[in-house]
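Here's a quick briefing to read alongside the model. Have the sequence and the 3D view open, and we'll go through it topic by topic.

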Amino acid sequence: MGTLITTLYPPPSTASQMRNPIDSATHVSIVAATSTIARVVAGILSDYLAPPVPTSDACPAPPPRKFPRCSRMCLLFSFAFLMLLGNLYVSLGYVQEHGENFWIVSSSIGAGYGAVFCLAPTVVSVVWGTENFGTNWGIVTMTPAVGATVFGSIFAWGYDHYANSHGICWGKECYSGSFMIMAVSVACALVGWTIAWRAPGGWKTRGIVV
C-alpha cells in the first residue's frame, strides 16, 4: 500500500511543490480497523442468520428465530464483492491524484479481506467436517502466502516496467494492470464458489447446509 500511494502523485522536483497528501500509516490503520470490524460483524451475522443444520431425533431442532435466514455463502459473496469493487476502483484510476478518495480503497479491501477470512474456516468445517479440519484449513491458509507472492510480484513488475531512469514510477499505468488482475481473481473466486455451492452435485444438492 505504501508503494501504491507513492504512485498517485508526481514526486516533487522542488521544495515548493505540494507533497503527496496521503499518509500511508493512516490508511494501513484503516485497513486494520475495517478488517477487524468486518470480522466481528461477519461472525455475528453468520451465527445469527445462517440456516440451521439438519437435525435428528438425538439432536432436536433449535427454537425458531425472529431473524431471516441467510446462507453464509451469501455473506461470503457480499464481502468478496466489496473487495472486488475496491480493486476495480483502483485499477480504473479513480484515485489517481484524488487522495481524498483513497479511504474507499483501504476500507473496502480491508473489510472484504477480513470478513472472507472470518467466514472461510466455518465454511470449511461445515463442508468437510471437523475430523480433518486442521489439514483442510491448513491448505486454505497457505493460499494467502501464495497470493501475496504472486500478486506482489505482478505489482512489482508493473512498477519497475514503467519506472523512470531514477527507479520512480507514478501514474495509473504503474498499478492499473496488477489491480485489474487482482479484481479478476476475486471474480473467478466468486464464480468458483457459485459452482461449488449451487451446481449439480454441489454442496446444496448434497444437502450440505452452509
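How many nonpolar, polar and charged residues are in the lining of the largest pocket? By class, there are 29 nonpolar ones, seven polar ones and no charged ones. Keep in mind that this is a predicted model. The chain has six helices and zero strands, and that pocket is a good way into how they come together.

**The fold at a glance**
- Reading along the sequence, you get the pattern α-α-α-α-α-α.
- The chain runs to 210 residues, and 34% of them count as buried.
- If you look at contacts with a separation of 6 or more, 68% of them are between residues 24 or more positions apart.

**The largest pocket**
- The volume of the largest pocket comes out at about 1400 Å³.
- Its lining takes in 36 residues, and the ones nearest the centre are Met83, Tyr113, Pro144, Phe151 and Val186.
- Two or more lining residues come from each of α1 (2–6), α2 (24–49), α3 (72–91), α4 (102–128), α5 (133–162) and α6 (176–198).
- The top contributor is α4, which gives ten residues to the lining.

**Annotated transmembrane regions**
- The unreviewed UniProt entry carries the annotation "transmembrane region" for residues 74–96, 102–127, 139–159 and 179–197.
- In the model, residues 102–127 are 100% helix and 0% strand, with 37 Å between the end C-alpha atoms.
- Residues 179–197 are likewise 100% helix and 0% strand, and here the end C-alpha atoms sit 27 Å apart.

**Cysteines**
- There's one disulfide in the structure, and it joins cysteine 169 to cysteine 174 with an S to S distance of 1.8 Å.
- The link between cysteine 169 and cysteine 174 is left-handed, at -95° about the S-S bond.
- Cysteine 169 counts as buried because its relative accessible area is 0%, and cysteine 174 is buried too, at 2% relative accessibility.
- Cysteine 74, on the other hand, is in no disulfide. The nearest cysteine sulfur belongs to cysteine 70 and is 4.5 Å away, whereas a disulfide needs the sulfur atoms within 2.5 Å.
- With a relative accessible area of 32%, cysteine 74 is partly exposed.
- Cysteine 118 also counts as partly exposed, with 21% relative accessibility; the cut-off for buried is under 20%.

**Residues that link parts of the chain**
- Glycine 43 lies in helix α2, and its C-alpha is 7.0 Å from that of leucine 119, although the two are 76 residues apart in sequence.
- Is glycine 43 buried or exposed? At 19% relative accessibility it counts as buried, since buried means under 20%.
- Isoleucine 104 is in helix α4. Its partner here is tyrosine 89, 15 residues apart in sequence and 8.4 Å apart in space, C-alpha to C-alpha.
- Isoleucine 104 counts as partly exposed, because its relative accessibility is 26%.

**The segment after α6**
- Isoleucine 208 is found in the segment after α6, and it's buried, with a relative accessible area of 18%.
- Which residues does isoleucine 208 touch, leaving aside those up to four places away in sequence? They are Val126, Val127 and Trp203.
- The C-alpha atoms of isoleucine 208 and tryptophan 128 are separated by 9.6 Å, while the two residues are 80 residues apart along the chain.

**A backbone detail to check**
- Glutamate 97 has a positive phi of about 60°, although it is not a glycine.
- You'll find glutamate 97 in the loop between α3 and α4.
- Glutamate 97 is partly exposed, because its relative accessible area is 42% and the exposed class starts over 50%.

Note on methods. Residues numbered from 1 in each chain as written. Predicted model: local features only at pLDDT ≥ 70, side-chain atom pairs only at ≥ 80, totals over all residues. Heavy atoms only, no water. UniProt positions renumbered as here; feature names shortened; annotations may be inferred. Helix = DSSP H or I, 4+ residues; strand = E, 2+ residues; numbered from the N terminus. 1 Å grid on protein atoms, 1.4 Å probe; cavity = no way out; pocket = protein on both sides within 12 Å on 5 of 7 lines; lining within 4 Å. Points joined across faces, edges and corners; volume = space filled by probe spheres on them. Nonpolar A, V, L, I, M, F, W, Y, C, P; charged D, E, K, R; others polar. Buried < 20%, exposed > 50% of the residue type's maximum accessible area, 1.4 Å probe, protein only. Contact = heavy atoms within 4.5 Å.
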